Structures are given as structure tokens and as C-alpha cells.
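Colleague: Before I trust any labels, I'd like to hear how each one was reached. Can we go through them together?

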Amino acid sequence: MERKNVTIREDQEEWVDEQDINLSQLVQDAIDEEMSPTEDELAAAYQANAEHAAETNEEWSAVSTEANQHLGDPPRDE
């Protein structure tokens, strides 16, 4: 972990103290929000969502097929 000095106003110091906030954690969280996700984080997120995406795709494919049966084929440009 790297140490850095942060300067805040007096009113901010009072608020941080009153809220019993860990200033280091607050700054780390703010920086994390601004940073782009790493390739590993993106891969993990996609992997975690893969099962839900497959289920949603399966559910909606049936809806699309049913709609096509009721509405018929879309018009074709000739």
C-alpha cells in the first residue's frame, strides 16, 4: 500500500469526523470509481454474467418465435 498526503478543508474534516468515515477508504473508493476496469475484471464480470445471459436469450427466443407465428414474416424489399 502506498502512502499519500491529502489536503481537505476544515469543514470537510469536521464532516469526516462526524460521520466516522475512514478517509483512506473513501479516497480509494473514489479512485476506483474513476478507473477503468482491468482486463481480468472485465473477464470475470462477463463470466459471472454468462449463465444469466444464456437464460435470458433462451426466454426471449421463444417470445420472438411466437411473435413471428402471430405476425407472419416481415416485409421483404424487392
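Modeller: Sure, starting with a definition: the radius of gyration is taken over C-alpha atoms, and the globule rule is 2.2 Å times the number of residues to the power 0.38. For 78 residues a compact globule would come out near 12 Å, but this chain has 25 Å. Its C-alpha atoms fill a box of roughly 70 × 30 × 30 Å along the principal axes.

Colleague: What should I know about the model itself?

Modeller: It's predicted, so local features need pLDDT of at least 70 and side-chain atom pairs pLDDT 80 or more, while totals for chains, interfaces and linings use all residues. Residues are numbered from 1 along each chain as its sequence is written, and side-chain values use heavy atoms, without hydrogens and water.

Colleague: What makes D11 and R9 a salt bridge?

Modeller: The rule asks for a side-chain nitrogen of Lys or Arg within 4 Å of a carboxyl oxygen of Asp or Glu. D11 and R9 meet at 2.9 Å, N to O, so the pair qualifies under that rule. The structure holds one salt bridge.

Colleague: Why does D11 count as partly exposed?

Modeller: Buried means under 20% relative accessible area and exposed over 50%, with partly exposed in between (1.4 Å probe, protein chains only). D11 has 45% relative accessibility, so it counts as partly exposed. Across the 78 residues of the chain, 1% count as buried.

Colleague: How many helices and strands are there?

Modeller: Three helices and zero strands, where helices (H or I, at least four residues) and strands (E, at least two) are DSSP runs numbered from the N terminus.
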